[in-house]
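Subject: Handover of a structure and notes on it

Dear colleague,

I am passing on to you the structure placed just below, and my notes follow underneath. Please read them with the coordinates open beside you.

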Amino acid sequence: MNKKICAILIAAVFTASVQAQFSIGARAGFNLTNFSEKGYDGKALDKEDKSSFKPGFQVGIVGDYAISEAFSIQPGLIFAQQGATMWKDDDSDAKMAMNLNYLQIPINAQYKLNFGSASLLLQAGPYVGFGIGGRMNFWGEDGKKISDNDLNEGDGEKDWFKIKFGSDKEKHDLKGLDFGVGLGLGVQFGAIQVGVGYNLGLMNLEHKWDDDYKGSTKNNGLTFTLTYLFGGGDKY
């Protein structure tokens, strides 16, 4: 009986694999990202201390593994800019922003509702991100970006604004691993998918600087994407 059950399960998996169709796609998009933050004592920051949204972009490749006409799994490998505007002067163009670069691996479940020539797409799934570099950027009151040499009074020191990712709080500014959940809504026309989504970061990026430190910083933000699936995207 056990052998028969195993044989049935193997046959079912094999049949599902044969029936499923796989496409590769290219993706590009625009991000509006921010931080979810708590202060040293673990409490929410006052309104004037909170960060605000900053623009960024994403680019990468995705796979579309169609299980049925209505359901598919869509993994990806994406270069994505995260971060936030940390401070902005209301009376001038002076501001400070943190730009964080990640390699993200999202794995979304996608449900498709067909409406003739177009389809409505509903997406949800986890993602993991690996920090690969970042910088603090500053702009003066005149809106001109400040360079390393400007801040260091021309002493030539390099990478003054560089942000380092890693597990050692003595050497690295932020943790290298990020994790979260994404939700999305889109429309598909043939091989083209247009989508809008929201990524909710669940991982605290900050190191625990001392025993009393309860602060946290988490990535979150909106994504606007354009995806082209080679081969048409309609496998059923």
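In what order do the elements of the protein run from the N terminus on? The order is α-β-β-β-β-β-β-α-β-β-β-β, and the secondary structure comes to two helices and 10 strands. Please bear in mind throughout that this is a predicted model.

Some totals for the protein come before the details. Of its 236 residues, 37% count as buried, and the protein exposes about 13,800 Å², of which carbon and sulfur atoms supply 61%. Among the contacts between residues at least 6 apart in sequence, 66% join residues at least 24 apart.

Strand pairing

I will follow the strands along the chain, beginning with E2. Strand E2, which covers residues 54–66, pairs with strand E3, residues 71–88, in the antiparallel sense over seven bridges, and a hairpin of four residues joins E2 to E3. Within this pairing, Ile61 has Leu77 of E3 as its bridge partner.

E3 also runs antiparallel to strand E4, residues 95–115, with 15 bridges joining the two, and here the hairpin that connects them passes through six residues. One of the bridges to E4 sets Ile73 against Ala109.

E4 is in turn joined by 19 bridges to strand E5, residues 118–139, again in the antiparallel sense, and Tyr111 finds its bridge partner in Leu122 of E5. The hairpin of E4 and E5 has two residues between the strands, and Gly116 in the turn has a positive phi of about 70 degrees.

Which strands, beyond E4, does E5 pair with? With strand E8, residues 177–189, E5 forms an antiparallel pairing over 12 bridges, in which Gly125 is matched with Gly182 of E8. With strand E7, residues 162–163, the pairing is antiparallel over two bridges, and Gly134 has Ile163 of E7 as its bridge partner. With strand E6, residues 145–146, there are likewise two bridges in the antiparallel sense, and Phe138 is partnered by Ile146 of E6. The hairpin of E5 and E6 has five residues between the strands, and in it Gly143 takes a positive phi near 85 degrees.

The nonpolar core

In soluble globular proteins, nonpolar side chains tend to be buried together. In this model the largest nonpolar core has 11 residues, namely Phe35, Ala84, Met98, Leu100, Tyr102, Met136, Phe161, Ile163, Phe165, Leu174 and Leu205. The largest share of this core, three residues, comes from E4.

Met136 is a useful place from which to look at this core. Not counting residues up to four places away in sequence, Met136 touches Met86, Met96, Ala97, Met98, Phe161 and Ile163; Met98, Phe161 and Ile163 are also listed in the core. Ile163 appears in the strand pairing too, as the bridge partner of Gly134.

Aromatic rings and a lysine

A pair of aromatic rings is described by the distance of the centres and the angle of the planes. The count for this model comes to seven aromatic pairs. In one of them, the rings of Tyr228 and Phe230 have their centres 5.2 Å apart and their planes at 75 degrees, which is over the 60 degrees required, so the pair is edge-to-face. Tyr228 has a relative accessibility of 39% and Phe230 one of 49%, so both count as partly exposed, a class that runs from 20% to 50%.

Elsewhere, Lys95 lies over the face of Trp139, at 4.8 Å from the ring centre.

A polar residue in strand E10

Is Asn220 buried or exposed? Its relative accessibility is 9%, and Asn220 therefore counts as buried, since the cut-off is 20%. Asn220 has its place in strand E10, residues 216–230. Leaving aside neighbours within four places in sequence, Asn220 is in contact with Thr33, Asn34, Phe35, Ser36, Tyr198, Asn199, Leu200 and Gly201. Of these contacts, Phe35 is also listed in the largest nonpolar core.

With kind regards

Conventions: Residues numbered from 1 in each chain as written. Predicted model: local features only at pLDDT ≥ 70, side-chain atom pairs only at ≥ 80, totals over all residues. Heavy atoms only, no water. Pairing = 2+ DSSP bridges. Phe/Tyr/Trp six-rings, centres within 6.5 Å; stacked < 30°, edge-to-face > 60°. Buried < 20%, exposed > 50% of the residue type's maximum accessible area, 1.4 Å probe, protein only. Lys NZ or Arg CZ within 6 Å of the ring centre and 35° of its normal. Contact = heavy atoms within 4.5 Å. Areas by Shrake-Rupley, 256 points an atom, 1.4 Å probe, with all protein chains shown as cover. Core = buried A, V, L, I, M, F, W, Y, C linked by side-chain atoms within 4.5 Å.
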